[in-house]
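Dear colleague,

I am passing on the structure below, and after it I set out what was found. Please have it open while you read.

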Amino acid sequence: MSASAITDPARLASRLLDWYDANKRDLPWRAIAGERADPYAVWVSEVMLQQTTVAAVRPYYEAFLARWPTVEALAAASLDEVLQTWRGLGYYARARNLHACARLIAGERGGRWPQAEADLRALPGIGAYTAAAIAAIAFEHGSTPVDGNVLRIIARVFGIETPLPAAKAELTRLARTLTPPRRTGDFAQATMELGATVCRPRRPGCDRCPWADDCVARAKGSAERLPRRSARPPRPTRQGWAFWLEHADAGVLLRQRPARGLLGGMMEVPSTPWRRAPWTAAEAIAIAAPADARWRPLNAVVEHTFTHFHLRLSVLAARLEGPPPPDVAGTWVPLPDLEDQALPSLMMKVVAAARGEA
DNA sequence: AAAGCGTGGTT
DNA sequence: TAACCAAGCTT
């Protein structure tokens with residue numbers, strides 16, 4: 001017996017499942033009570049939910065499953081179509097991996113999903129968390145998905161003071177000790193639901209928590225400051241100029257970004273590189289303008305924050321007359337068709353700035 | 001293994 | 001308001 005106040009893992013699991021039955025939210029990817037979860041739906045939802053809130057995912061999930069109800073349908077789609085549907089949701093490698101994984105499942109595997117956690121883990125875009133989540137939720141395997149919610153509720157209920165990410169291995173081990181032999185899918189969802197709705201990062205609702213009686217952090221009054229986290233490096237600011245080039249007949253010039261890396265495979269308004277040092281407009285035009293034209297700076301500056309840097313993007317605009325020059329690299333898109341492009345949020349801000357001043 | 005990878009809501 | 005944070009994965 002450890003010195004921990006957690007004396008009975010089975011009791012914690014039981015209390016959590018009772019709480020879940022009474023409080024679970026109605027989410028579109030959840031199986032109807034008594035029915036088996038659709039692995040495809042579980043997979044799509046879990047990938048969308050990576051580092052993304054339920055509120056943000058919901059409309060994307062609805063649209064995605066309406067358009068591609070099965071893994072075979074998704075496999076038959078083009079990557080561009082998938083990226084277009086994913087636009088605005090972020091972390092676009094998820095969409096690329098989702099598409100690759102669909103083709104692998106529908107093709108080589110004949111539409112059959114692996115069920116074991118280790119086999120799911122080998123698929124593109126499926127890491128430790130997602131493999132455990134699919135195995136538990138879709139197949140009732142005894143796996144224990146550990147996401148940010150689970151790290152938090154476990155750190156608090158056991159009173160673990162070790163900062164993340166160093167504490168992750170220990171918190172994962174402790175989470176596994178609580179996983180019951182049955183209803184593993186519900187238990188997995190219940191742990192995350194508890195973290196998302198009660199045991200929140202700030203102002204935890206301990207008065208509504210099924211684990212309050214056993215929670216070490218609550219007893220110590222330390223819940224709100226757990227889990228501890230190591231300090232993060234500061235985010236630098238990068239700068240660049242975007243080139244909004246309109247042609248009276250053809251529309252606006254867009255390009256597709258390289259297939260991998262930041263915003264990989266997405267469409268963009270052509271721009272200079274994004275760097276720490278500021279640019280003069282003349283330097284930007286000399287290095288990166290997509291065409292010889294009368295460029296004029298817009299007043300609006302687009303600001304956008306990525307995971308690891310802030311971006312300040314100024315905009316130069318120009319209009320071409322006559323036939324579209326053949327030596328311009330990119331795609332001319334009529335203005336009304338911009339909404340159908342795989343333009344990420346940053347580029348939608350550029351579009352809004354340019355059209356607002358045009 | 002540390003860094004790259006989006007976006008929007010909350011505080 | 002600037003910082004924090006979200007049902008993480010890849011290299």
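In what follows, a polar contact is a pair of N or O atoms within 3.5 Å. Please bear in mind throughout that this is a predicted model.

With that cut-off in hand, N149 is a good place to begin on DNA strand C, since an N or O atom in the side chain of N149 lies 2.4 Å from a sugar or linking oxygen of that strand. N149 is also one of the residues that come nearest to DNA strand C, together with Q51, G125, T130 and D147, out of the 26 residues around the strand. Two further contacts involve other parts of the strand: a polar backbone atom of Y129 is 3.3 Å from a phosphate oxygen, while a polar side-chain atom of R30 lies 3.3 Å from a base nitrogen. Of the strand C atoms within 4 Å of the protein, 63% belong to sugar or phosphate, and the rest belong to bases. The helices α8 (128–139), α9 (148–158) and α11 (184–197) each supply at least two residues of this surface, whose residues divide into 11 nonpolar, 7 polar and 8 charged.

DNA strand B has 19 residues around it, of which L263, H304, T305, T307 and H308 come nearest. For H304, an N or O atom in the side chain is 2.6 Å from a phosphate oxygen of strand B. A backbone N or O atom of Y91 lies 3.0 Å from a sugar or linking oxygen of the strand, and a polar side-chain atom of T52 lies 3.0 Å from one of its base nitrogens. The elements that give two or more residues to the surface near strand B are β4 (296–305) and α14 (345–357). By class, that surface has 8 nonpolar, 9 polar and 2 charged residues, and of the strand B atoms within 4 Å of the protein, 61% belong to sugar or phosphate, with the rest in bases.

Turning to the protein itself, why is helix α2 (residues 39–48) described as largely enclosed by the rest of the structure? The reason is that 10 of the 10 residues of α2 are buried, among them Y40, W43, E46 and M48. What covers these buried residues includes α3 (54–67), α4 (71–76), α5 (79–86) and α6 (93–106), as well as α8, the helix that also supplies residues to the surface near DNA strand C. At its N-terminal end α2 is capped by D38, a side-chain oxygen of which lies 3.0 Å from the backbone nitrogen of Y40.

With best wishes

How values were computed:
Residues are numbered from 1 along each chain as its sequence is written. Chains are lettered from A and ligands numbered from 1 in the order in which they are written. This is a predicted model: local features need pLDDT of at least 70, side-chain atom pairs count only at pLDDT 80 or more; totals for chains, interfaces and linings use all residues. Side-chain values use heavy atoms; hydrogens and water are left out. A residue is near a molecule or strand if one of its heavy atoms lies within 4 Å of it. A polar contact is a pair of N or O atoms within 3.5 Å; within protein, one must be able to donate a hydrogen and the other to accept it, and residues adjacent in sequence count only if both atoms are side-chain atoms. Helices (H or I, at least four residues) and strands (E, at least two) are DSSP runs, numbered from the N terminus. Ala, Val, Leu, Ile, Met, Phe, Trp, Tyr, Cys and Pro count as nonpolar, Asp, Glu, Lys and Arg as charged, and the others, Gly among them, as polar. Buried means under 20% relative accessible area, exposed over 50%, partly exposed in between (1.4 Å probe, protein chains only). Contact means heavy atoms within 4.5 Å.
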